Amino acid sequence: MINVNKLRSEFPILSREVNGKQLVYLDNGASSQKPKVVIDAISNAYSNEYSNVHRGLHYLSNLATDNYENVRSIVQKFLRAEHEEEIVFTSGTTEGINLAAYAWAMGHLKNDDEIILSIMEHHANIVPWHFLRERFGVKIKWVDCDASGNLDPQAIIDQFSDKTKLVAITHMSNVLGTVVDVKTICHEARKRGIVSLVDGSQAAVHMSVNVKDIGCDFYAITGHKLCGPSGSGAIYIKQEIQKTMRPFIGGGDMIKDVFTDKVIYNDPPMKFEAGTPGIVQTIGFGVALEYMMSIGMDNIETYESELTLYARQKLEGLNWLNIQGKPSKKGAIFAFTLEGSAHAHDISTILDKQGIAVRAGQHCAGPLMHHMGINASCRASFAFYNTKQEVDKLLSGLELARDLLS
Ligand SMILES: Cc1ncc(COP(=O)(O)O)c(C=O)c1O
């Protein structure tokens, strides 16, 4: 069970005012707020325990290296990966998916090979695949969601052909909130020798993830949405796949030795991590994941399901509000416009004046927005520290926006 008032008190920013009103932070899909344990851990790492990692033999370097490397097993536990070495640190999901594209896909895909994507993907899980299309003539096959925003796993599986080499799918849409049955997709992909990548940026924040059960080859997460610092993240890469991958970026740390005529690469995961990493970001990321696991991802999911249901009951029935996507399995994300011609930016500005933070725009999901025929929408995205009272405040803010803009 979640004690939301206690949890809220652990996030200093949640008690501040914005525009003279109590902050209602509903932009968690873009980035979550940070609990004091994470802020303190960052401060402590810089104040008392900072040095570069993997380099020196002195006390602080060893301490920083231990603190940093310790996070690998925390992420392993969070994602329930089989091996710690399957966890590669990144600066976030964008870097993780680019890593998969450069270090795996570019070595395996050629002209006319196919990548399957859903129409709901974030640009981070689209643009790296366009690079392959542009450079190597790889084909991207798109699978639509239905009018409610459901993505039928069978519709994806039906697209698999002899030429399909990769299926790259979001676990939860950052616009519609749709939770995708990635397990069915990844298992069917594996049966056919197709590699699978899951974009877990949104889903990992709202539910417990088990990469072994999902059966994916890659699973990318981003630290700043998981109560951790920006510039932190990780990608799970199944061991067998790692063995077939080239390095990603080159530099220190990812090598065993360098000669004038050759390079001997380090073993994974170091092979995929070059240069001085985000040391303190990663340490803060580990503290954030431990914090979330101490609350319990199942508890978070249960609490948020109730909050989502409450919000759905309040918002979906309004005939002046267009909610984008009413999928049967939906996380705590609501994208909407007002009936009429009010622009999403104006709606969000009016909400902001009420202290309510939402996102407005395309949400880095161009193909989905084009598919839905809209240029922009507002998005309210909830976290485990949000409350039903905040849903009510959102509703009042929207009523005000409707009155002012109609
Ligand atoms: C579904 C999804 N994928 C990928 C990303 C990219 O994450 P990051 O910007 O942290 O790399 C986001 C962030 O908004 C997202 O929501």
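These are my notebook entries on a ligand shell, a helix and a sheet.

**Setup.** I worked from a predicted model, where local features need pLDDT of at least 70, side-chain atom pairs count only at pLDDT 80 or more, and totals for chains, interfaces and linings use all residues. Residues are numbered from 1 along each chain as its sequence is written.

**Ligand shell.** I listed the residues near the ligand (C-beta atom, placed from the backbone, within 6 Å of it). There are 14 residues around the ligand, and Gly92, Thr94, His122, Asn174 and Thr222 come nearest. I then sorted the shell by class: eleven polar, two nonpolar and one charged. Ala, Val, Leu, Ile, Met, Phe, Trp, Tyr, Cys and Pro count as nonpolar; Asp, Glu, Lys and Arg as charged; the others, Gly among them, as polar.

**Helix 11.** Helices (H or I, at least four residues) and strands (E, at least two) are DSSP runs, numbered from the N terminus. I checked the length of helix 11, residues 279-295. The expected span is 1.5 Å times one less than the number of residues. For 17 residues that gives 24 Å, and the end C-alpha atoms lie 25 Å apart, so the two agree. I found 13 of its 17 residues buried (20 or more other C-beta atoms within 10 Å of its own, C-beta atoms placed from the backbone). Gly296 follows helix 11 with a positive phi, near 100°.

**Sheet.** I traced an open sheet of four strands, order 13-14-17-16, with antiparallel pairing. Strand 13 (321-324) and strand 16 (359-361) are the edges, each pairing on one side only. Two strands pair if DSSP finds at least two bridges between them. Strand 13 and strand 14 (residues 333-338) run antiparallel, joined by four bridges. I looked up Ile323: its bridge partner in strand 14 is Phe336.

Definitions and conventions. A residue is buried if 20 or more other C-beta atoms lie within 10 Å of its own, exposed if 12 or fewer, and partly exposed in between; C-beta atoms are placed from the backbone.
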